[in-house]
Amino acid sequence: MQLQTILNRIQKHRGFVYGPIRLRDERGHLRLEVEIYPHRRSRPRCSGCGRRGPQYDTLDARWFEFVPLWGIRVFFLYLMRRVDCVRCGKVRVEQVPWAAGKHPVTTAYAWFLARWAKRVSWREVATVFHTSWDTVYRSVAMAVDWGRAHLDLAGIEAIGIDELQWQHGHRYVTVVYQIDAARKRLLWVGQDRTKKTLLGFFRWFGKERTQALRFVCSDMWKAYLTVVAKKAGHALHILDRFHIAQQMGKAIDQVRRSEVRELRQHGRPALLTKARWVLLRRRENRTAEDRRRLRDLVRHNLKAVRAMLLREDFEPFWQYRSVPWAGRFLDRWCTAVMRSRIDPMKKVARMLRAHRPLLMNWFRARGEISAGAVEGLNNKAKPLLSGHGDGEVP
Ligand SMILES: [Zn+2]
């Protein structure tokens, strides 16, 4: 059986035929290249209005990546035609059925990637299929767009807003989930994490549905706080636990790094090197070796160790049932930290003080939104699209 036969069976495009297929070895990586030709009598379709018209000319070849076969990357090769469109009154590039707009990825492959992105993290999808993070992002965005058009948005009371970063924090994506106790699913994704990004979500979500929101969960990113206050000021805004833990982890790491520098200047470098994971690891995950090293570090009364102990002191905060008592605990902890002379931790304490009301909302929302949502909404390592499982976003 020939490959064309399979392609004609699974991916036949009216007005186009599959030409010769080559297997090429590109620096040790195999790739299948499939030529596509327009049917002799078919006229190109205008990308502006969708009407067929006379061909104007032919452009350079363009590559479109298709779903890999036997783990081999597959590319369609096609010479785009231009249409002299009467309705649009100008010459336009043709519209092809296997890809949308200027995407270098076929729609079939984008769906394939988006489905995998439901099961494993975007980064893993990109790695496994030898594609870029951008391609995965765009594929998911396409799936979410499609899903939105077919989505039932009734009865959403709780949303979670999160940011995802890639390229070492140079680029961001904002994601919004529904996090009602009954269901958790991805609602929206947008490029960047600016006020404009989040305003885009609320514009799409609409006034009426926004009015029905009771809970909004997010991190302390200023742009989000501002937009949530402006657009959903009536809802209970909650700062979630995961982000606070993350801030403390960052602070501890900062203390450790400056202390390593200090120790090195005093000729005692060995003490804190390779201590990073010992310090950042949570109590329940420590090994016997970690504990031995910690005892050793505690003896030297290092700032990094004291910072870590401050974080441990904070843990009981989340166990409180009563809002006033939790508030008292928070205030005491902040006072202790402010006396610690450990600047990065003091910064965390100041931040928690500044956002005290939002932080206390965590206790007010308890039980009202799904348990996992507030706590682990945004473990960056977790698959992004998992958990909704309802099929609205395929
Ligand atoms: Zn047209």
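The largest nonpolar core in this predicted model holds 88 residues. Within that core, Phe314, Phe317 and Trp333 touch the most other members. Setting aside residues up to four places away in sequence, Trp333 touches Met248, Leu310, Asp313, Phe314, Met345, Ala349 and Leu352. A second core lies apart from this one. The second core has 19 residues, including Ile156, Ile159, Val227 and Ala235. In soluble globular proteins, nonpolar side chains tend to be buried together.

Helix H7 spans residues 222-231. Its buried residues are Ala223, Tyr224, Leu225, Val227 and Val228. Val227 is also a member of the 19-residue core. Which elements cover the buried residues of H7? Among the strands are E6 (158-166), E7 (171-180), E9 (215-218) and E10 (236-239). Helices H5 (195-205) and H14 (356-364) also take part in the cover.

**Nonpolar side chains at the surface**

Ile6, Ile10 and Trp70 make a nonpolar surface patch of about 350 Å². Trp70 sits in the loop between strand E3 (55-69) and strand E4 (72-85). Why does Trp70 count as exposed? Its relative accessible area is 68%, and the cut-off for exposed is over 50%. The backbone of Trp70 also stands out: phi is positive, about 50°, although the residue is not a glycine.

Arg341 is another non-glycine residue with a positive phi, near 60°. Arg341 is placed in the loop between helix H12 (323-338) and helix H13 (343-354). Arg341 is exposed, at 67% relative accessible area.

**Salt bridges**

The model has 18 salt bridges. Side chains of opposite charge can pair when their charged atoms come close. Three of the pairs are listed here.

| Pair | N to O distance | Burial |
|---|---|---|
| Arg82 and Asp57 | 2.9 Å | Arg82 partly exposed, 25%; Asp57 partly exposed, 24% |
| Glu94 and Arg81 | 3.1 Å | Glu94 buried, 3%; Arg81 buried, 4% |
| Asp253 and Arg256 | 3.2 Å | both buried |

The Arg82 and Asp57 pair links distant parts of the chain. Arg82 belongs to strand E4 and Asp57 to strand E3, 25 residues apart.

Glu94 and Arg81 meet in a salt bridge of 3.1 Å. Glu94 lies in the loop between strand E5 (90-93) and helix H2 (107-119), and Arg81 lies in strand E4, so this pair ties together parts 13 residues apart in sequence.

Asp253 and Arg256 form their salt bridge at 3.2 Å. They are three residues apart in helix H8 (residues 241-265), so about one helical turn separates them. Elsewhere, salt bridges with shared partners join Arg22, Arg24, Glu26, Arg31, Glu33 and Glu35 into one network.

**Two partly exposed charged residues**

Arg51 is in the loop between strand E2 (29-38) and E3. At 46% relative accessibility, Arg51 is partly exposed. Which residues does Arg51 contact, leaving aside neighbours within four places in sequence? They are Pro44, Arg45, Cys46 and Arg87. Arg51 and Gly206 are 155 residues apart in sequence, and their C-alpha atoms are 33 Å apart in space.

Glu289 is in helix H10 (residues 288-299). Glu289 is partly exposed, at 43% relative accessible area. Its side chain joins that of Arg292 in a polar contact of 3.2 Å. Glu289 and Leu77 are 212 residues apart in sequence and 57 Å apart in space, C-alpha to C-alpha.

Key
Residues are numbered from 1 along each chain as its sequence is written. This is a predicted model: local features need pLDDT of at least 70, side-chain atom pairs count only at pLDDT 80 or more; totals for chains, interfaces and linings use all residues. Side-chain values use heavy atoms; hydrogens and water are left out. A nonpolar core is a set of buried Ala, Val, Leu, Ile, Met, Phe, Trp, Tyr and Cys residues joined through side-chain atoms within 4.5 Å. Buried means under 20% relative accessible area, exposed over 50%, partly exposed in between (1.4 Å probe, protein chains only). Contact means heavy atoms within 4.5 Å. Patches are made of residues with over 30% relative accessible area and no salt bridge: like charges are joined within 9 Å, nonpolar side chains (Val, Leu, Ile, Met, Phe, Trp, Tyr) within 5 Å. Accessible areas come from the Shrake-Rupley method with a 1.4 Å probe; for residues, only the protein chains shown count as cover. Helices (H or I, at least four residues) and strands (E, at least two) are DSSP runs, numbered from the N terminus. A polar contact is a pair of N or O atoms within 3.5 Å; within protein, one must be able to donate a hydrogen and the other to accept it, and residues adjacent in sequence count only if both atoms are side-chain atoms.
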